[in-house]
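Trainee: I would like a close look at a single part of this model, with the rest brought in as context.

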Amino acid sequence: MANGSDILLIIVAILFPPGHIHAFWLIYRKMKAEEQYGYGGYQYLGNGEFVANGGLPPVAPNYGSTGR
């Protein structure tokens, strides 16, 4: 017979797969970087780590096809 903790672990694994938890963590870290450094004022290093661009102004989004 299954223990209550086994059933709870199965339910948690179904509702929150590890990939979703990791994705939400990365989104959270990106939001914190935007709050701290401003839009485009940071660089992603990997593993959820962000650093400032080194004093460069934030990059405006490019809506055209020229890249300017």
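Which residues do ring pairs link into a cluster, and how is that part of the chain built?

Mentor: The cluster consists of Tyr42, Tyr44 and Phe50, linked by ring pairs. Keep in mind throughout that this is a predicted model.

Start with the strands that carry the rings. Strand S1 covers residues 42-46 and strand S2 covers residues 49-52; the two run antiparallel and are joined by 4 bridges. One of the bridge partnerships sets Tyr42 opposite Ala52 in S2. Together S1 and S2 make a hairpin, with 2 residues between the strands.

Now the rings themselves. The structure has 2 aromatic pairs. In one, Tyr42 and Phe50 meet edge-to-face, with 5.3 Å from centre to centre and 85 degrees between the planes. In the other, Tyr44 and Phe50 have ring centres 5.0 Å apart; their planes stand at 50 degrees, so this pair is classed as tilted. An angle over 60 degrees would be needed for edge-to-face, and one under 30 degrees for stacked. Phe50 therefore takes part in both the edge-to-face pair and the tilted pair.

Burial separates the members of the cluster. Tyr42 and Phe50 are both buried. For Phe50 the relative accessibility is 16%, and the limit for buried is under 20%. Tyr44 has a relative accessible area of 42%, so Tyr44 is partly exposed. As background, side chains in a regular strand alternate between the two faces of the sheet.

The turn deserves a separate remark. Asn47 sits in the loop between S1 and S2. Its phi is near 60 degrees, which is a positive value in a residue other than glycine. Most residues other than glycine have a negative phi. Asn47 also counts as exposed, because its relative accessibility is 60% and the class begins over 50%.

Next, the setting. The chain contains 2 helices and 2 strands, and their order along the sequence is α-α-β-β. The hairpin of S1 and S2 thus supplies the β-β end of that pattern, because the order is read along the sequence. Of the 68 residues in the chain, 10% count as buried, and Tyr42 and Phe50 belong to the buried class. Among contacts between residues at least 6 apart in sequence, 0% join residues at least 24 apart. The accessible surface of the chain is about 5,900 Å², with 64% of it belonging to carbon and sulfur atoms.

The helices hold two further features. A nonpolar surface patch of about 900 Å² is formed by Ile7, Leu8, Ile10, Ile11, Val12, Ile14, Leu15, Phe16 and Ile21. Helix H1, residues 4-15, gives the largest share of the patch, namely 7 residues. Ile21, by contrast, is located in helix H2, residues 18-37, and counts as partly exposed because its relative accessibility is 48%.

Helix H2 also holds both ends of a salt bridge. The search of the whole structure finds 1 such bridge, formed by Lys32 and Glu35 with the closest N and O atoms 3.8 Å apart. That distance qualifies because the cut-off is within 4 Å. The two residues are 3 apart in helix H2, about one turn of the helix. Lys32 is partly exposed, at a relative accessible area of 39%, whereas Glu35 is exposed, at 60%.

To return to your question, the cluster is Tyr42, Tyr44 and Phe50, with an edge-to-face contact between Tyr42 and Phe50 and a tilted one between Tyr44 and Phe50.

Note on methods
Residues numbered from 1 in each chain as written. Predicted model: local features only at pLDDT ≥ 70, side-chain atom pairs only at ≥ 80, totals over all residues. Heavy atoms only, no water. Patch = residues over 30% accessible without salt bridge, like charges linked within 9 Å, V, L, I, M, F, W, Y side chains within 5 Å. Areas by Shrake-Rupley, 256 points an atom, 1.4 Å probe, with all protein chains shown as cover. Salt bridge = Lys/Arg side-chain N within 4 Å of Asp/Glu carboxyl O. Buried < 20%, exposed > 50% of the residue type's maximum accessible area, 1.4 Å probe, protein only. Pairing = 2+ DSSP bridges. Contact = heavy atoms within 4.5 Å. Phe/Tyr/Trp six-rings, centres within 6.5 Å; stacked < 30°, edge-to-face > 60°.
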